[in-house]
Amino acid sequence: MALEICVKAATGAPDVLGDCPFAHRVLLTLEEKKIPYKSHLINLTDKPQWFLDISPEGKVPVVKFDDKWVPDSDVIVGILEEKYPEPSLVTPPEFASAGSKVFPAFFKFVKSKDPNDGSEQALLEELKALDEHLKAHGPFIAGEKITAADLSLAPKLYHLEIALGHFKNWTIPESLTHVHNYMKSVFSRESFEKTKAAKEHVIAGWAPKVNP
């Protein structure tokens, strides 16, 4: 039986998959584990009542396990790993936090209006650290095999690339070759191609955060 999952609908296009990196992470996990699922696209600017009944905070993703709707991508991914252990996507604990500070650093930089506030530099430091990690342990975060850490990080890097390119005319430095190769490799996976939001929907999703 297919699992049911509620994910964000695109801004201005309620019947198209939207740009939530946390929902994307769960969809990637379902695809990589070959778990059948059915998506409900939720218009987050006009949430239907049935959705608020199952997700009182109004947040996506939520997944239905045994008649109970469960929120929070961390929790959902943990349950999926438990219920569907093959193929294993467990990240060895020593690698679990690699790249985890990239997204908060990107968030700060994309919203920044002050070029001297250090946010660009902070993001570069995190991307350099990720590059060093991939150089030592790659091609994926935990080596040869894709794991949960990659499925969490890749959607965030996808957002970073599109949003910073559009709003800041900024790109990840060419010198960070391991990061570039990593993104190419994960973004070209069938699971990613199938579950990513279109570029224009990522931009539309970030616009209100960048120019409130």
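Pro139 is found in the loop between α5 and α6. In this predicted model, the peptide bond from Gly138 to Pro139 is cis, with omega near 10°. A second cis bond runs from Glu86 to Pro87, with omega near -15°. Pro87 lies in the loop between α3 (73-83) and α4. Most peptide bonds are trans, and most residues other than glycine have a negative phi.

Positive phi values also occur here. Asp72 has a phi near 80°, although it is a residue other than glycine. Asp72 sits in the loop between β5 (68-71) and α3. Its relative accessibility is 39%, so Asp72 counts as partly exposed, because that class covers values from 20% to 50%. Asn169 is not a glycine either, yet its phi is positive, about 55°. Asn169 belongs to the loop between α6 and α7. With a relative accessible area of 72%, Asn169 is exposed, since exposed means over 50%.

Pro139 also takes part in a set of contacts around Tyr182. Leaving out residues up to four places away in sequence, Tyr182 touches Leu134, Pro139, Phe140, Ile141, Asp150, Leu153 and Leu157. Tyr182 is a member of the largest nonpolar core, which has 42 residues. Phe106, Leu123, Leu157, Trp170 and Tyr182 touch the most other members of this core. Two or more residues each come from α4 (102-111), α5 (119-137), α6 (148-167), α7 (177-187) and α9 (199-210). Helix α6 gives the largest share, ten residues. Another core lies apart from this one. That second core has 23 residues, including Leu30, Ile35, Ile42 and Phe65. In soluble globular proteins, nonpolar side chains tend to be buried together.

The packing of helices was examined next. Two packed helices are described by the angle between their axes and the distance between the axes. The axes of α5 and α6 come within 14 Å and cross at roughly 135°. Helix α5 is therefore oblique to α6, because the angle falls between the perpendicular range, 65 to 115 degrees, and the antiparallel range, over 145. The crossing of α5 and α6 is left-handed. On the α5 side, the contact uses Leu123, Leu127 and Leu130. These meet Leu153, Leu157, Leu160 and Leu164 in α6. The contact of α5 with α6 holds seven nonpolar residues, no polar ones and no charged ones.

Helices α4 and α9 form a second pair. Their axes come within 9 Å and cross at roughly 65°. Helices α4 and α9 are therefore roughly perpendicular to each other. The crossing of α4 with α9 is right-handed. Phe103, Phe106, Phe107, Val110 and Lys111 in α4 meet Trp206, Lys209 and Val210 in α9. The residues of this contact divide into six nonpolar, no polar and two charged.

Lys209 is found in helix α9. Its relative accessible area is 35%, so Lys209 is partly exposed. Lys209 touches Phe107 and Lys111, not counting residues up to four places away in sequence. Lys209 and Leu164 are 45 residues apart in sequence. In space, C-alpha to C-alpha, Lys209 and Leu164 are 13 Å apart.

Arg25 is another charged residue. Arg25 is found in helix α1 (residues 21-32). At 11% relative accessibility, Arg25 counts as buried, because buried means under 20%. Arg25 touches Ser73, Asp74, Val77, Leu151, Ser152 and Pro155, again not counting residues up to four places away in sequence.

Key:
Residues are numbered from 1 along each chain as its sequence is written. This is a predicted model: local features need pLDDT of at least 70, side-chain atom pairs count only at pLDDT 80 or more; totals for chains, interfaces and linings use all residues. Side-chain values use heavy atoms; hydrogens and water are left out. A nonpolar core is a set of buried Ala, Val, Leu, Ile, Met, Phe, Trp, Tyr and Cys residues joined through side-chain atoms within 4.5 Å. Buried means under 20% relative accessible area, exposed over 50%, partly exposed in between (1.4 Å probe, protein chains only). Helices (H or I, at least four residues) and strands (E, at least two) are DSSP runs, numbered from the N terminus. Contact means heavy atoms within 4.5 Å. Axes are lines fitted to C-alpha atoms, for helices over the stretch in contact, and angles run from 0 to 180 degrees between N-to-C directions. Angles under 35 degrees count as roughly parallel, over 145 as roughly antiparallel, 65 to 115 as roughly perpendicular and the rest as oblique. A crossing is left-handed if the near helix is turned anticlockwise from the far one by less than a right angle, and right-handed if clockwise.
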